[in-house]
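I opened this notebook to record what I looked up in the structure shown below. The entries are kept in the order in which I worked.

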Amino acid sequence: MAARQITGKKPKNMKKTLSAFFSYLGRHKIALSLVAVMVVISAGANLWGTYMLKPIVNQYIIPHDVTGLIQAVIWMAVVYGIGVLCSLLYNQLMVHVAQTITKEIRKDLFDHMQTLPIRYFDSHTHGDVMSHFTNDLDTIQDALNNSFAPLIQSTIMITGTIIIIFSFNWQLSCIVMIAFLAMYLFIQYSGKKSKYYFNHQQAAMGKLNGFIEEMVEGVKVVKVFNHESQNFDEFEVRNERLRTAATSALTYSGRTIPVVVSISYFNYALVACIGGFFAIGGLIDLGSLASYLVFVRQTAMPINSFTQQLNFVLAAMAGAERIFEMMEEIPEVDDGLVTLTRVHEHPDGTMEACEEYTGKWAWKHPHPDGSIELVRLCGDVRFENVNFGYESNHPILKNINLYAKPGQKIAFVGATGAGKTTITNLINRFYDISSGTITYDGIDVKLIKKDDLRRSLSVVLQDTHLFTGTIADNIRYGNLHASMEDVVEAAKLANAHSFIKRLPDGYDTMLSGDGANLSQGQRQLLAIARAAIAKPPVLILDEATSSVDTRTEKLIEKGMDSLMENRTVFVIAHRLSTVRNAKAIMVLDHGKIIERGDHEELLKQKGRYYQLYTGQFELD
């Protein structure tokens, strides 16, 4: 068996992890039972075939019974053939079961991940989350494919061999057991050493890969400052650390099999010599000795395999534990009852819920008396005495009061950390407030189902994210019902149409790597188009034009005017020129609204906004 990397990490709560893991294995009881039966037959055939040497020698070879010998050999070949067939079948079946179980765990993990609150992703790096889908699942899959059946087979082989050799001759078996113990102790010692150095190798590899990734991403900066030689020196140091750790790890792991085999050879030679004297003295018959020596010869690999497979299974359980811990994370709580429904509006202004897409929506608000009220979706958002903190002892927003009526543009300005983005995160309930109320069209947002609440909003973030697919697909992400005409219209509103048409495949241009083949400004224009196509009653622009030039920004503003008509718009901006036409400008400082009014009113006050606008105070 080739040396494989063992991390040495084991589950902290084996019982709990096994219970969760067996819940997945339990879905495939029949298949796994068939695997176990075929493993037992395969191992049993191996043991029985070796045991058959005793009667073959004693009953056919020594008495010169050629006919009986031929029949016995044919029967032995049949038994071994059955064992080989079972081995082939259970390997194929185990591959199918392993892939299915891995798929089910991956599906459940992804499904649960999507229910987790934003708070979870704020406190866990993307790398940590991704490692559950890659490293941890790969470890489980590897153990199911390559360790489940071999572990059972090795256990049967070792147990069966020990029972049979003791039934042959207990004195010789004591010598064999000493050799077995020596093999086991060396495997344990070598395993601990290899785990130690494999961990160092993994750490060194991670640092080297991180360094290479950093250099590739910053290649322009490297070349600008002529830093190639220094980077090469640093690479050499990290590369040498990896070489040293990898050499030590592979030295210890690579010497395990040769040493175990050498102990096995020595044990075989010693037992053969002593067994010969026992046979001469009549303490063991020749057939038993022949069978005994074969058992001794073939036990080295099952012992080595058992130890390694057990470590692989323990490592897989450690990965499973990390996965199940993520699955136990509390999903986002949603006690809302108010839902968003499509409506058909009659000439007299009354509304009626319907299934077809009409482009008009209403809140379906159930009341305690059983009646259901349809409240027109307008986008009236109000904050009343709102307080909030990401941690209970560290308030971020303090006594926030504001209102935004349909068609109004509300702007937030202030230094970094003042709480501007936090306010918009509370509107869509990425976080729940500590006290106070937020109402949406007169309904407390806590009463609205989160999915329906977020469907009524469109957000353009400063950090844009595009998905693998065409440009049209990325724009249509904001409204899956949108036609191609709607896609083009939204692109024109965001001033993205002109650059899209210049691309070789236009709207069918494939994007990958978060739109790496586009500029940052172009990616942001697509994000604005994606928000525009949803035609939401509430639009949140968080530094939405920070990556475009001033001229493009002016064109976007003109295009967005029609989008903002009769819609509530919240704008967060560092460029104060972008908020001059806002209905109300809120100046925040340390979580409090210290000034409010339109552009002219705030300039007359000659307070913080005046200082920001005239450059006397910088937006950090």
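**Entry 1: Trp48 and the nonpolar patch**

I located Trp48 in helix α2; helices (H or I, at least four residues) and strands (E, at least two) are DSSP runs, numbered from the N terminus. I note that this is a predicted model, in which local features need pLDDT of at least 70 and side-chain atom pairs count only at pLDDT 80 or more, while totals for chains, interfaces and linings use all residues. Residues are numbered from 1 along each chain as its sequence is written, and side-chain values use heavy atoms, with hydrogens and water left out.

Is Trp48 buried or exposed? I found Trp48 partly exposed, at a relative accessible area of 32%; buried means under 20%, exposed over 50%, and partly exposed in between (1.4 Å probe, protein chains only).

I then listed the surface patch that contains Trp48: this nonpolar patch also includes Val37, Ile41, Val66, Ile70, Ile74, Trp75, Val78 and Ile82, and together the residues have about 810 Å² of accessible area. Accessible areas come from the Shrake-Rupley method with a 1.4 Å probe. Patch members have over 30% relative accessible area and no salt bridge, and nonpolar side chains are joined within 5 Å; a salt bridge is a side-chain nitrogen of Lys or Arg within 4 Å of a carboxyl oxygen of Asp or Glu. Helices α2 (29-51) and α4 (66-113) each supply at least two residues of the patch, and the largest share, six residues, comes from α4.

**Entry 2: The two open sheets**

I traced an open sheet of four strands, ordered β2-β1-β3-β4 with antiparallel pairing; two strands pair if DSSP finds at least two bridges between them. Because β2 (351-353) and β4 (372-376) stand at the edges with a single partner strand each, one side of each is left without a neighbour in the sheet. The twist averages 50° from one strand to the next, with axes as lines fitted to C-alpha atoms and angles from 0 to 180 degrees between N-to-C directions. Leu340 stands opposite Trp363 in β3.

A second entry concerns an open sheet of six strands with mixed pairing, in the order β10-β13-β14-β7-β15-β16. Its edge strands, β10 (457-460) and β16 (592-597), each pair on one side only. Here the twist averages 15° from one strand to the next. Strands β7 (409-414) and β15 (584-589) pair in the parallel sense over five bridges, and Ala411 stands opposite Ile585 in β15.

**Entry 3: Ile396**

I placed Ile396 in the loop between β5 (381-388) and β6 (397-404). Ile396 is buried, with a relative accessible area of 17%.

Technical notes. Patches are made of residues with over 30% relative accessible area and no salt bridge: like charges are joined within 9 Å, nonpolar side chains (Val, Leu, Ile, Met, Phe, Trp, Tyr) within 5 Å.
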